[in-house]
Amino acid sequence: MPDINELHNLYSSDQNGLLNTINSLYDRIEKENMNLIWISIISRENVMKRVKQLLTIPTEDRSKFRLYGIPFAVKDNVNVVNLPTTAGCPAFACETATENAPVVEKLEQAGGILIGKTNMDQFATGLVGTRTPYGACASVFNENYISGGSSLGSAVVVASGLVTFALGTDTAGSGRVPAMFNNVIGLKPTRGLLSTRGVIPACRSLDCIFVFAETASDAAIIFSVTCDFDELDPYSCQMSSSLGATPWISSSTFRFGIPTIKTREFFGDMENPKLFQNIIDTIQRDLNGQAIEFDFTPFLNVAALLYKGPWVAERYAAVGQFIDEHEAHTDPTVYKIISNAKKYTAVDAFNGLYELERLKKQVDKLWKNFDVMLVPTAPRAYTIDEINGTPIEYNSHLGYYTNSVNLLDLAAIAIPAGIRSDGLPFGVTLISHAFTDNALLLRRSSISSNCFHIAVIRAHLSGQPLNYQLTERNGRLIRTCRTHHEYRLYALENTTPAKPGLIRKIGSQGPGIELEISALPNEHVASFIHLISSPLSIGNIYLEDEQIVKGFLVESSALDTAQDITDLGGWRSYLETINTSK
């Protein structure tokens with residue numbers, strides 16, 4: 001899905017841009033198997049009423065609405081008027097919500113278009129994405145691997161390009177982990193800056209609304225729209241410019257803390273340590289960052305309080321009575337974790353608070369040595385089968401770097417940081433003090449190692465002779481789709497292997513040309529483009545769903561002797577026709 005700025009440009013240049021974007025989105029939902037992403041979807045008919053309402057806004061006034069026409073989704077523990085809130089448990093949703101959560105209300109007031117509510121680990125208890133009666137979501141990069149959780153649907157719906165952004169929640173990593181496993185940006189704000197009123201709590205004193213987006217600039221816009229004091233939320237707070245001062249953001253150098261080798265943990269994974277070191281090297285070389293190693297143990301001791309200490313009792317305070325009365329409707333692992341809280345006493349809770357304050361003093365001493373902390377978002381990925389076999393232990397592995405952050409009231413942003421040789425994404429998280437949210441968003445743009453999306457139509461297609469040029473560069477197929485109907489496809493003369501040429505001819509009416517979109521790590525883009533020779537080039541290709549992607553185009557001078565094969569709809573169909581005629 002195009003980002004906010006790209007969509008607004010489209011809407012300005014094409015009077016049907018908004019209608020076409022939303023219709024194409026629903027076409028994809030209906031055509032592709034996406035049931036596992038959603039728990040509730042607002043009907044096309046009702047969303048079109050919203051679209052028509054937005055279209056009545058005078059063109060000159062639309063810029064006042066920062067999210068005008070931008071499609072989004074929310075996790076199904078966030079209240080949306082006239083929709084049930086299941087928190088991943090159908091029996092929990094006794095009636096529909098009577099009003100929007102404040103964050104949803106602000107997004108709609110800014111012109112956003114809500115598409116639906118997304119799948120989640122039940123009662124936001126899990127980092128895996130498998131503890132849901134609606135079916136486990138897989139990572140968009142590999143159907144055998146977990147999507148991460150508990151905000152699984154919100155991460156996948158953004159990574160799949162269905163919406164521009166989505167809201168999740170994050171208590172112990174429930175947003176950051178799926179952000180890494182699906183290669184998207186994830187902002188975990190300072191506690192209380194985004195109201196959690198209207199959200200089914202996991203640990204009410206720690207919960208944060210989480211923002212998933214494709215770009216940091218989009219995340220910054222969503223953050224600014226939703227960041228507001230809510231006097232009806234007892235945990236709401238106001239942005240503090242003094243506490244959030246970040247002189248390091250404008251300095252020629254900055255200090256970033258990294259766990260010592262001894263306290264880094266990847267639980268047997270051999271490639272993620274190398275990718276983490278690559279990011280460290282990049283920051284030092286390109287951004288003049290000074291790496292400061294520190295002992296991560298105090299953060300691990302803080303993290304232990306969350307699930308191995310009395311804070312799990314806060315989950316019981318939220319839904320304990322319900323799961324006691326509805327054990328048959330509760331995921332067995334979720335039930336075991338939350339019901340285990342009954343062993344903790346009020347004395348345990350106070351002792352936990354005392355221990356947290358003691359550990360905070362140790363952590364504060366560490367923070368004096370660096371401005372921002374850099375950690376792997378998660379140590380490693382697991383397959384769905386691995387998680388099903390060892391659900392609690394492997395889940396705890398995923399929270400190694402995330403569990404302490406909210407207990408210490410820190411801000412964090414999860415950042416894509418490269419694609420592994422097996423095609424799975426790796427990610428890192430920048431962490432700093434409360435109220436440094438905007439600085440983290442700014443710093444992220446210098447560090448992230450995202451992928452370049454490229455559309456191919458010829459010998460680079462899956463199974464074709466030149467596809468290896470993508471795969472050997474760790475390129476990975478994202479999806480198959482079609483161009484806008486104005487594109488023409490030609491078979492070029494005297495090329496080996498046989499090559500097609502794609503060109504847009506305004507006013508042309510064709511079936512749309514089949515193409516594949518692959519994600520290519522940024523570090524390999526130059527070497528791949530270097531392979532392209534005349535008359536082919538790289539340019540913007542408009543897709544049938546109004547998205548824009550870079551891809552192969554042909555110079556018009558090469559078409560004089562070329563054969564127009566547009567009616568066949570794609571290069572594969574043309575090759576099949578040739579093979580049949582032989």
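Buried means under 20% relative accessible area, exposed means over 50%, and partly exposed lies in between, with a 1.4 Å probe and protein chains only as cover. Helices (H or I, at least four residues) and strands (E, at least two) are DSSP runs, numbered from the N terminus.

This is a predicted model: local features need pLDDT of at least 70, side-chain atom pairs count only at pLDDT 80 or more, and totals for chains, interfaces and linings use all residues. Residues are numbered from 1 along each chain as its sequence is written, and side-chain values use heavy atoms, with hydrogens and water left out.

**Exercise 1. Helix α4**

Task: Find which residues of helix α4 are buried, and what covers them.

Solution.
- Step 1. Helix α4 spans residues 102–109. Its buried residues are Pro102, Val103, Val104 and Leu107.
- Step 2. Look for the cover by contact, meaning heavy atoms within 4.5 Å. The cover of these buried residues includes β2, β3, β6 (165–170), β8 (208–213) and α7 (216–226).
- Step 3. Read on past the helix. Gly111 follows α4 and has a positive phi, near 100°.

**Exercise 2. The 11-strand sheet**

Task: Give the strand order of the sheet that holds β1 and β10, and name its edge strands.

Solution.
- Step 1. Apply the pairing rule: two strands pair if DSSP finds at least two bridges between them. Strands of a sheet pair through backbone hydrogen bonds, either parallel or antiparallel.
- Step 2. The order is β1-β3-β2-β6-β8-β7-β12-β13-β11-β9-β10. The sheet is open and its pairing is mixed.
- Step 3. β1 (38–41) and β10 (289–294) are the edge strands, each paired on one side only.
- Step 4. On average, neighbouring strands are turned by 25° against each other, direction ignored. Axes here are lines fitted to C-alpha atoms, for helices over the stretch in contact, and angles run from 0 to 180 degrees between N-to-C directions.
- Step 5. Helix α2 (residues 17–31) packs on the sheet and touches β1, β2 and β3. The direction of α2 makes about 20° with that of β3.
- Step 6. Take one parallel pair. Strands β2 (residues 71–75) and β3 (residues 113–118) run parallel and share 5 bridges. Phe72 stands opposite Leu114 in β3.

**Exercise 3. Strand β13**

Task: Decide how many residues of β13 are buried, and which strands pair with β13.

Solution.
- Step 1. β13 covers residues 425–432, and 8 of its 8 residues are buried.
- Step 2. Sort the side chains. Pro425, Gly427, Thr429 and Ile431 point one way. Phe426, Val428, Leu430 and Ser432 point the other way.
- Step 3. Strand β11 (residues 372–376) pairs with β13 in the antiparallel sense over 4 bridges. Pro376 stands opposite Val428 in β13.
- Step 4. Strand β12 (residues 411–419) is also antiparallel to β13, over 7 bridges. Pro416 has Gly427 in β13 as its bridge partner.
- Step 5. β12 and β13 form a hairpin with 5 residues between them. In the turn, Gly423 has a positive phi of about 90°.

**Exercise 4. The 3-strand sheet**

Task: Place β16 in its sheet and describe how it pairs with β21.

Solution.
- Step 1. The open sheet has the order β17-β16-β21, with antiparallel pairing.
- Step 2. The edges are β17 (500–504) and β21 (563–564), each paired on one side only.
- Step 3. β16 (residues 487–491) and β21 share 2 bridges. Tyr490 has Asp564 in β21 as its bridge partner.

**Exercise 5. Backbone points in loops**

Task: Locate the cis peptide bonds at Ser150 and Pro535, then the positive phi values of Ala87 and Asn288.

Solution.
- Step 1. Gly149 and Ser150 are joined by a cis peptide bond, with omega about 5°. Ser150 lies in the loop between β5 (142–146) and α5 (152–159).
- Step 2. Ser534 and Pro535 are also joined by a cis peptide bond, with omega about 15°. Pro535 lies in the loop between α17 (525–529) and β19 (536–542).
- Step 3. Ala87 is not a glycine, yet its phi is positive, about 50°. Ala87 sits in the loop between β2 and α4. Ala87 counts as buried because its relative accessibility is 0%.
- Step 4. Asn288 is not a glycine either, and its phi is positive, about 60°. Asn288 sits in the loop between α8 (272–286) and β10. Its relative accessible area is 42%, so Asn288 is partly exposed.
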